[in-house]
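Let's take a walk through this model together, starting with charged side chains, moving on to the pockets and ending at the surface. Keep the viewer open as you read.

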Amino acid sequence: MKERTRLATFLVAVVSSACTTAIDTDLDRVRELTRAPIELPDEVGSSTPTDVRELLAKPLSTDDAVRVALLGNRAIRAQLRELGIARAGVVSAGSLPNPAVDVTLWEPSATSRPVDVEIDVEWDLKGLILAAVAYGAASHDAEAARFAVASAVIRSGFRVRSAVYAYRAAEREWLLTARALDALAASRDAMRALDAAGNVPKLRLASQEAAYEGARQRAADVELVVAGRREALNVLLGLSGVETTWTLASGGNPIPRTLNRPPDLGRRVLEANLDLAAGRERLEGEARRTALAQTRGWLPDLSALFRMEHHDEDYRYGGGVRVSVPLFDQGRGETASAEARFDADLERYYGAAIALRSALRTTSAQLETAHAKVWHIREVLLPAQASV
């Protein structure tokens, strides 16, 4: 009873997958994994979404910039559309084999008939049996693709946030540089006036002129950094033309006094990492392909035959089975190749987990150091400079 239920479930899945090639299901899954408002225009190359134009009409917060990127970044939209490749693979793997029909026309045995007809119908039963395993492998591949795209979406959001912070920092550095340049310009002008009155040595005037010109060079370098970081942010946001006239909202997120990190952070990172989840799905798909190769090797080619003949005013019906005996070609090469791919992917999976743990330790150390530096600047360095 259980086997019949599994077969019925597979057949329903095959029929539904053959009829469902839209990307809506994939987008829903990516939204579920990322909790991000992802949308995809119906047509490729369509203009900027209305939601993006509304966001650009006001100063962008960091969250707004991330939303603009998720809606307008062409690289993300391309990855979302590539989910259709994996979905098409599921549809192809789960497709049932087509029956083959042979029609043979014979010279009539009686003059009263125009022709004698023989019809043979053959259906590949082996392909029907293996379709279930192939469908399962392709389904895991499609889920791995969804995990991979969701991971790319999260990385894109992180890059946008980092680019916003970098651009905002460059702008503030430019403001400080401009103020310093104005101060040096005023000092230079005063020194010129004193020199004209003959009250300062030429060396002091030359030193002031050199300091001002050096500050101009530094200001030009900072201005170039600001322009570069703005353009890098334009690329991440997927903006061009008049859309690049956006502005950023002032302020930023407050810095907590203490870092709040859960004690089981390592375990939670391994469980939540989408790249590792994609690796697990790929391993499951490889395992099923290995089973598919093994089954294809020992399972003989099996076809069901149906025959109908129209001869001497009579119709004759018959049927049979065609079987090939797998004596020589048992698919050992295909099985060995599938096993090797599984072993290689398993090694990569363990390597990715090791690299993730290392990245967690490195990031934790960097975060602690950066947090300590910020609070030292705020609590010690700035008050000391204010006293000076």
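A salt bridge here is a side-chain nitrogen of Lys or Arg within 4 Å of a carboxyl oxygen of Asp or Glu. Keep in mind as you look that this is a predicted model. With that cut-off, a search of the whole structure turns up 25 salt bridges. Some of them join up: Asp-26, Arg-29, Glu-32, Arg-87, Glu-143 and Arg-146 are linked in a network of salt bridges.

Let's zoom in on one pair from that network. The side chains of Glu-143 and Arg-29 meet in a salt bridge, at 2.7 Å from N to O. This pair ties together distant parts of the chain, with Glu-143 in helix H6 and Arg-29 in helix H2, 114 residues apart. Is Glu-143 buried or exposed? Glu-143 has a relative accessible area of 13%, so it counts as buried, since the cut-off for buried is under 20%. Its partner Arg-29 comes out at 21% and counts as partly exposed.

Stay in helix H2 for another pair. Arg-31 and Asp-28 also bring their side chains together in a salt bridge, again with 2.7 Å from N to O. What separates these two along the helix? Helix H2 covers residues 24–34, and because Arg-31 and Asp-28 are three residues apart in it, about one helical turn lies between them. Arg-31 is partly exposed, at 23% relative accessible area. Asp-28 is partly exposed too, with 45% relative accessibility.

Now follow helix H6 along to Arg-192. Its side chain meets that of Glu-209 in a salt bridge, with an N to O distance of 2.7 Å. Once more distant parts of the chain are linked: Glu-209 belongs to helix H7 (residues 202–237) and Arg-192 to helix H6, with their positions 17 residues apart in the chain. Arg-192 is partly exposed, at 39% relative accessibility.

On to the empty spaces. Rolling a probe the size of a water molecule over the atoms shows where empty space is left. The largest pocket has a volume of about 1100 Å³. Its lining is made of 22 residues, and Ile-154, Phe-158, Val-269, Asn-273 and Thr-363 are the ones nearest its centre. Which elements give two or more residues to that lining? They are helix H6 (125–196), helix H8 (265–272), helix H9 (274–298) and helix H10 (332–387). H6 gives the most, with eight residues. Sorted by class, the lining has twelve nonpolar, five polar and five charged residues.

The second largest pocket has a volume of about 840 Å³. This one is lined by 19 residues, and if you want to find its centre, look for Arg-172, Asn-253, Ile-255, Val-374 and Arg-378, which lie nearest to it. The elements giving two or more residues to this lining are H6 and H10. For this pocket H10 gives the most, with seven residues. By class, the lining here has eleven nonpolar, four polar and four charged residues.

Helices H6 and H10 also hold a couple of residues worth clicking on. Tyr-165 lies in helix H6 and is partly exposed, with a relative accessible area of 37%. Pick out Thr-62 as well: the two residues are 103 residues apart along the chain, yet the C-alpha atoms of Tyr-165 and Thr-62 are separated by 8.3 Å. Over in helix H10 you'll find Gly-333. How exposed is Gly-333? Its relative accessible area is 54%, so Gly-333 counts as exposed, because the cut-off for exposed is over 50%. Between Gly-333 and Gln-294, which are 39 residues apart along the chain, the C-alpha atoms are separated by 10.0 Å.

Last stop, the surface. Val-101, Val-103 and Leu-105 form a nonpolar patch there, and together they have about 300 Å² of accessible area. To find the patch, go to strand S1 (residues 100–106), where Val-101 sits. Val-101 is exposed, at 52% relative accessible area.

How values were computed: Residues numbered from 1 in each chain as written. Predicted model: local features only at pLDDT ≥ 70, side-chain atom pairs only at ≥ 80, totals over all residues. Heavy atoms only, no water. 1 Å grid on protein atoms, 1.4 Å probe; cavity = no way out; pocket = protein on both sides within 12 Å on 5 of 7 lines; lining within 4 Å. Points joined across faces, edges and corners; volume = space filled by probe spheres on them. Helix = DSSP H or I, 4+ residues; strand = E, 2+ residues; numbered from the N terminus. Nonpolar A, V, L, I, M, F, W, Y, C, P; charged D, E, K, R; others polar. Buried < 20%, exposed > 50% of the residue type's maximum accessible area, 1.4 Å probe, protein only. Patch = residues over 30% accessible without salt bridge, like charges linked within 9 Å, V, L, I, M, F, W, Y side chains within 5 Å. Areas by Shrake-Rupley, 256 points an atom, 1.4 Å probe, with all protein chains shown as cover.
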